[in-house]
Amino acid sequence: MEQVDAVIVGGGVAGCAVALRLARHGRSVVVLERGRYPREKVCGEGLMPHGVAQLAALGMLGPVLQSGARRFEGIAWHIGDTSAIGRFPEGFGLGVRRRHLDAAFAQRCAETAGVDLRLGASLRSFTTDTAGVTVATDDGPVRARAIVGADGRGSLVRKQLGLAATSTASRRYGLRNHFRLAAGRSEGVHVAVYASDRVELYVTPTGPGEVNLAALCAKEDLGGDGLDAALARMIEACPPVAALLDGASPVGEAGLVGPLRREVSGVIADRALLVGDAAGFVDAITGEGMSLALVTAELAADVLHGALTAGRLDRAALAPYASGRARLTRDQTLLTEIILWGIRHRTLARHVVRQLGKHPDLFGRVLAVNSGHAALADLGLRRLATLLGV
Ligand SMILES: Cc1cc2nc3c(=O)[nH]c(=O)nc-3n(C[C@H](O)[C@H](O)[C@H](O)COP(=O)(O)OP(=O)(O)OC[C@H]3O[C@@H](n4cnc5c(N)ncnc54)[C@H](O)[C@@H]3O)c2cc1C
């Protein structure tokens, strides 16, 4: 059986990006994707500026813009009648339907020498030996020198490697649908987040006159009368979103995923590494999952290429990926945890949003952390004190 350099399980943003980066290094890869494109995916669909920069570096910005993606300038937070609008200090975000983004990635993989993208091919299991990895798929066996788990939040690769950790109870779910706005209504130039007592709604411009509405909530907020009905109730309970969607028509049916949080005990093993959501997921509230997947995919490909060149693919040889990934994701993960904590303490959250509204420059700095352009420590104690009003 022919042996390729790497088999990548999952043809979402993380898997395709690793494949394209490895191919640039002259590596041969097989990408196994159980689905077929185009396909929908439950996501807020807001790509932060560092993710947009990755798209550009992969030569994918043009095709993605042509698919109807919308630029956004920043994030607007609304808690009750308190609001703040922040602009990205660098670059811009992109609201892009996953239907188009993932299909564009798959198309680029299909056109790239060295990448063999196999659609409708599911991983069943794999075994690792001293010379490589043998992967059983429903499309026949594949032999590779290493395996990359890019198979999303429910990763089977992670499970087989024994890297799945017990999740601390998170009961947050994500629900979303697209809406075509009534004539004369604009999709806007920000991702707008509306936090209420139980639910956060966020609206992302995803096309001309079109938005994606994502709701983050507990399972009990879904009720028992169907996803579309649950989303309709959440919209009705949030007057500004109800006003925006007045006269709008849903595009397709609502979709749900959850629980959102996935813990991992590690991201590397002998001849194996995890990227994207397979390497762990905290929450969708800060909307940087795709961007982190793209940024860490570049690192994964660089480390894997180095290890393949050196002929050493044991856990120690892949350790620079684990440490580099921890460094790249640490502050954004911490910011997500802080925001999750904040939205459980409504009075404080309202106060912080009020402060952000009064100090747009400070909001810009927070967004710089959120979009990977600055470290949390750069905010400094003085600005932190301003935020907390102490
Ligand atoms: C409600 C919600 C809102 C979000 N909002 C945002 C946002 O606004 N901005 C943002 O950047 N991120 C957001 N995210 C996070 C973002 O969706 C993920 O971080 C991103 O999709 C991760 O990409 P991935 O390639 O790792 O995984 P995925 O996109 O999940 O891709 C995994 C792929 O693996 C395939 N696969 C799985 N198992 C197998 C198998 N056994 N064999 C073969 N193939 C397999 C799947 O079919 C899939 O195509 C949100 C997430 C949720 C849940």
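How do the residues of the shell around the ligand divide into nonpolar, polar and charged? There are 17 nonpolar, 14 polar and eight charged residues in that shell. The legends below start from this site and then move through the rest of the model, which is a predicted one.

**Figure 1. The shell around the ligand draws on two domains.** Welcome to the first close-up. Of the 39 residues around the ligand, those that come nearest are Gly-12, Gly-44, Gly-174, Gly-276 and Gly-289. At least two residues of the shell come from each of α1 (13-24), β2 (29-33), β3 (46-47), β12 (172-180) and α8. The largest share belongs to α8, with four residues. Because domain 1 (3-68 + 96-167 + 261-330) and domain 2 (172-257) both give residues to this shell, the ligand lies between them.

**Figure 2. Domain 1 touches domain 3.** The protein is divided into domain 1 (3-68 + 96-167 + 261-330), domain 2 (172-257) and domain 3 (336-388). Taken over C-alpha atoms, the centres of domain 1 and domain 3 are separated by 31 Å. Ten residues from domain 1 and eight residues from domain 3 make up the contact. On the side of domain 1 that touches domain 3, the elements giving two or more residues are α2 (49-57) and α8 (289-310). The residues of that side of domain 1 divide into five nonpolar, three polar and two charged.

**Figure 3. Seven strands form an open sheet with mixed pairing.** If you would like to trace the sheet across, follow the order β6-β5-β13-β14-β15-β12-β16. At the edges are β6 (82-87) and β16 (249-257), each of which pairs on one side only. On average, and with direction ignored, neighbouring strands of this sheet are turned by 15° against each other.

**Figure 4. Strand β14 pairs with β13 and with β15.** Let us zoom in on β14. This strand is mostly covered, with eight of its eight residues buried. Towards β13, the two strands run antiparallel and are joined by four bridges. Here Tyr-194 stands opposite Leu-201 in β14. The same two strands, β13 and β14, form a hairpin with four residues between them. Towards β15, strand β14 (residues 200-207) pairs in the antiparallel sense with β15 (residues 210-218) over seven bridges. Tyr-202 stands opposite Ala-214 in β15, and Val-203 has Leu-213 in β15 as its bridge partner. The hairpin of β14 and β15 has two residues between the strands, and in this hairpin Gly-209 takes a positive phi near 65°.

**Figure 5. Helices α10 and α11 meet the sheet.** Helix α10 (residues 346-358) lies across β5 (74-79), β6 and β13 (190-195). The angle between α10 and β6 is about 50°. Helix α11 (residues 360-370) packs on the sheet as well, touching β5 and β6. The direction of α11 makes about 65° with that of β6.

**Figure 6. Val-352 is a buried residue of helix α10.** Why does Val-352 count as buried? It has 24 other C-beta atoms within 10 Å, and a residue is buried if 20 or more lie within that distance. Leaving aside neighbours within four places in sequence, Val-352 is in contact with Gly-342 and Leu-387. Finally, look for Leu-384, which is 32 residues apart from Val-352 along the chain. The C-alpha atoms of Val-352 and Leu-384 are separated by 9.9 Å.

Notes: Residues are numbered from 1 along each chain as its sequence is written. This is a predicted model: local features need pLDDT of at least 70, side-chain atom pairs count only at pLDDT 80 or more; totals for chains, interfaces and linings use all residues. Two strands pair if DSSP finds at least two bridges between them. Axes are lines fitted to C-alpha atoms, for helices over the stretch in contact, and angles run from 0 to 180 degrees between N-to-C directions. Two residues are in contact if their C-beta atoms, placed from the backbone, lie within 7 Å. Domain bounds come from an automatic or database domain assignment. Ala, Val, Leu, Ile, Met, Phe, Trp, Tyr, Cys and Pro count as nonpolar, Asp, Glu, Lys and Arg as charged, and the others, Gly among them, as polar. A residue is buried if 20 or more other C-beta atoms lie within 10 Å of its own, exposed if 12 or fewer, and partly exposed in between; C-beta atoms are placed from the backbone. A residue is near a molecule or strand if its C-beta atom, placed from the backbone, lies within 6 Å of it.
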